[in-house]
Structure formats: structure tokens, C-alpha cells
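Please take a slow walk with me through this protein chain. Keep the picture beside you and look up each part as we come to it.

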Amino acid sequence: MTSLDDILGTLPIGDIAKKLGVDSATAEAAVKQALPALVGGLEANAKDGGATSIEQAVERHGSSLVDGGVTLDDVDTDDGEKIVDNVFGAKKPEVVAALGSSQPAAAGGISPELIGKVLPILAPIVLSFLAKQFSPKPTGEATESAPKSTTGGGGIGDLLGGLLGGGGSGSGGGGLGDLLGGLGGLLGGGKR
């Protein structure tokens with residue numbers, strides 16, 4: 001089963017750092033803060049009736065961004081901004097503020113401004129990664145994703161939940177569960 005680490009492994013952190021004007025450690029911390037919230041927002045929207053529109057967005061984006069390794073020049077951040085707006089809806093400023101304030105600045109915390117810049121970079125990459133996982137595999141090839149289904153078992157919601165390791169509901173002790181649980185009702189406010 002795939003996880004957020006699989007997405008992290010595809011990201012050119014050094015290039016993201018240059019684009020953001022920060023060091024690699026800060027860029028990686030921002031990505032690790034924003035990525036689970038983005039995937040959690042997609043999962044919350046899928047569970048709240050938006051699975052079909054997420055599946056359509058995934059199909060439209062295709063897997064080309066991640067097929068040969070992510071090249072930041074190929075990432076359309078204007079499209080990423082639209083994706084982020086759709087995922088978080090009117091709650092986007094609150095999500096960005098919550099993610100940015102979850103670490104104290106004295107401990108090298110990530111500012112909301114930086115979170116706001118990294119989310120549109122990550123959004124198209126995440127959709128492309130999902131497209132690669134969600135696309136039908138050739139016959140005889142093992143698949144890690146469930147067959148397409150917007151109702152019942154399988155589908156994009158299960159794939160997203162699997163990426164989060166079941167932590168999408170904020171359950172579990174520490175780490176990802178605490179981050180997503182801390183966002184509480186902010187996730188799932190996006191477009192259906």
C-alpha cells in the first residue's frame with residue numbers, strides 16, 4: 001500500500017526550496033506540514049460527496065508529472081492554486097493559518113505564508129500521483145489501488161485514506177493523527 005512517504009520520495013525538495021527562497025530543511029518541513037493536510041482535505045471531500053469530482057480531476061491531470069520524476073518547471077502553480085481553493089474552499093485561510101502556526105517560530109516553525117506558497121506546488125503533484133495509483137493497470141500486473149467505485153468499497157476515498165494510513169479521521173497517537181485532528185472541522189470545506 002502506498003503512503004505519504006511515497007509522494008515525498010518523488011518531490012524535488014532542493015528545487016522547491018529554491019522556488020520558495022528557503023533552505024532545504026525548511027522546504028522539507030513545510031512540505032511535511034502541508035502534504036498530509038492536502039491529502040486529508042481531498043479525503044474529507046471524497047467522504048462528503050465529492051469523490052466523483054475528485055476522480056474527474058485526477059483523470060484530467062493524469063500521471064505525467066510523476067511518471068519520469070517530478071520536474072518543478074512542469075508544475076502549474078496557477079492550477080495548483082485552483083486545486084487548493086477547491087479542496088479547502090472558504091476555509092483555506094484558516095487551514096493555512098493552522099498549518100503555519102502548529103510549530104513555534106522559535107523552533108524553526110513554518111510561517112503561514114510559506115504554507116500558502118507550498119500548497120499550490122504540491123496540489124498538481126498529488127493529483128498526478130493519485131492518477132498514477134488510480135489508473136487501471138495492465139492485466140496480470142499487481143495493483144495497489146482499488147477498482148474505481150464512488151460508492152461502497154474501493155475508489156478514490158479508500159486510496160486517499162490508505163495514503164494517510166487511516167489517520168484521516170484524526171485518530172491515532174501523535175504525528176499525522178494529531179496534525180489532522182488539530183485541523184478538525186477545517187477539512188472537508190471544499191467544492192463538491
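Right after helix H2 comes Gly-21, whose phi is positive, near 75 degrees. This value, like every other one here, belongs to a predicted model. Let us stay with H2 for a moment, since there is a neat pattern to find in it. The helix covers residues 13–20, and its buried members are Ile-13, Ile-16, Ala-17 and Leu-20. Around the axis they span an arc of only 105 degrees, so they sit on the same side of H2. Now turn the helix over in your mind. On the face away from that buried side you will find Lys-18 and Lys-19, both exposed. And what lies over the buried residues? The cover includes helix H3 (24–61) and H7.

Now step back and look at the whole chain. Its secondary structure consists of nine helices and zero strands. If you read along the sequence, the pattern is α-α-α-α-α-α-α-α-α. The chain has 192 residues, and 45% of them are buried. There is also something to learn from who touches whom. Take the contacts between residues at least 6 apart in sequence: 75% of these join residues that are at least 24 apart.

A pair of residues can show you what this looks like in space. Ala-29 is part of helix H3. With a relative accessible area of 24%, Ala-29 counts as partly exposed, because buried would need a value under 20%. Its C-alpha atom is 9.8 Å from that of Ile-115, although 86 residues separate the two in sequence.

Next, find the place where helix H5 (residues 77–88) meets H7. The two axes come within 7 Å of each other and cross at roughly 85 degrees. An angle from 65 to 115 degrees counts as roughly perpendicular, and so H5 is roughly perpendicular to H7. Which residues make this contact? From H5 come Thr-77, Asp-79, Gly-80, Glu-81, Ile-83, Val-84 and Phe-88, and they meet Leu-119, Pro-120, Ile-121, Ala-123, Pro-124 and Leu-127 of H7. Sorted by character, the residues of this contact are nine nonpolar, two polar and two charged.

Two neighbours in H5 are worth a separate visit. The one to start with is Gly-80, which lies in this helix. Is Gly-80 buried or exposed? Its relative accessible area is 0%, so Gly-80 is buried. Leaving out residues up to four places away in sequence, Gly-80 touches Pro-120, Ala-123 and Pro-124. The C-alpha atoms of Gly-80 and Ile-121 are 6.1 Å apart, while their positions lie 41 residues apart along the chain.

Glu-81 is also in helix H5. Its relative accessibility is 28%, so Glu-81 counts as partly exposed. Apart from neighbours within four places in sequence, Glu-81 is in contact with Lys-92 and Pro-120. For Glu-81 and Leu-122, again 41 residues apart along the chain, the C-alpha atoms are 9.7 Å from each other.

Follow that contact with Lys-92 and you arrive at helix H6, residues 92–100, where Lys-92 is one of the buried residues. The others are Val-95, Val-96, Leu-99 and Gly-100. Looking down the axis of H6, you would see these buried residues within an arc of 125 degrees, so they line one face of the helix. You can compare this picture with H2, where the buried residues also share a side.

Our last stop is the other end of H7. This helix runs over residues 112–134, and its axis comes within 11 Å of the axis of helix H8, residues 156–163. The crossing angle is roughly 115 degrees, which makes H7 roughly perpendicular to H8. The crossing itself is right-handed. On the H7 side the contact is formed by Phe-129, Leu-130, Gln-133 and Phe-134, and on the H8 side by Ile-156, Leu-159, Leu-160 and Leu-163. These residues divide into seven nonpolar, one polar and no charged. Look back at the contact of H5 with H7, where two charged residues take part, and you have a pair of helix contacts to set side by side.

Technical notes. Residues numbered from 1 in each chain as written. Predicted model: local features only at pLDDT ≥ 70, side-chain atom pairs only at ≥ 80, totals over all residues. Heavy atoms only, no water. Axes fitted to C-alpha atoms, helices over the stretch in contact; angles between N-to-C directions. Helix = DSSP H or I, 4+ residues; strand = E, 2+ residues; numbered from the N terminus. Parallel < 35°, antiparallel > 145°, perpendicular 65-115°, else oblique. Left-handed = near helix turned anticlockwise from the far one by under 90°. Contact = heavy atoms within 4.5 Å. Nonpolar A, V, L, I, M, F, W, Y, C, P; charged D, E, K, R; others polar. Buried < 20%, exposed > 50% of the residue type's maximum accessible area, 1.4 Å probe, protein only. Arc of directions from axis to C-beta.
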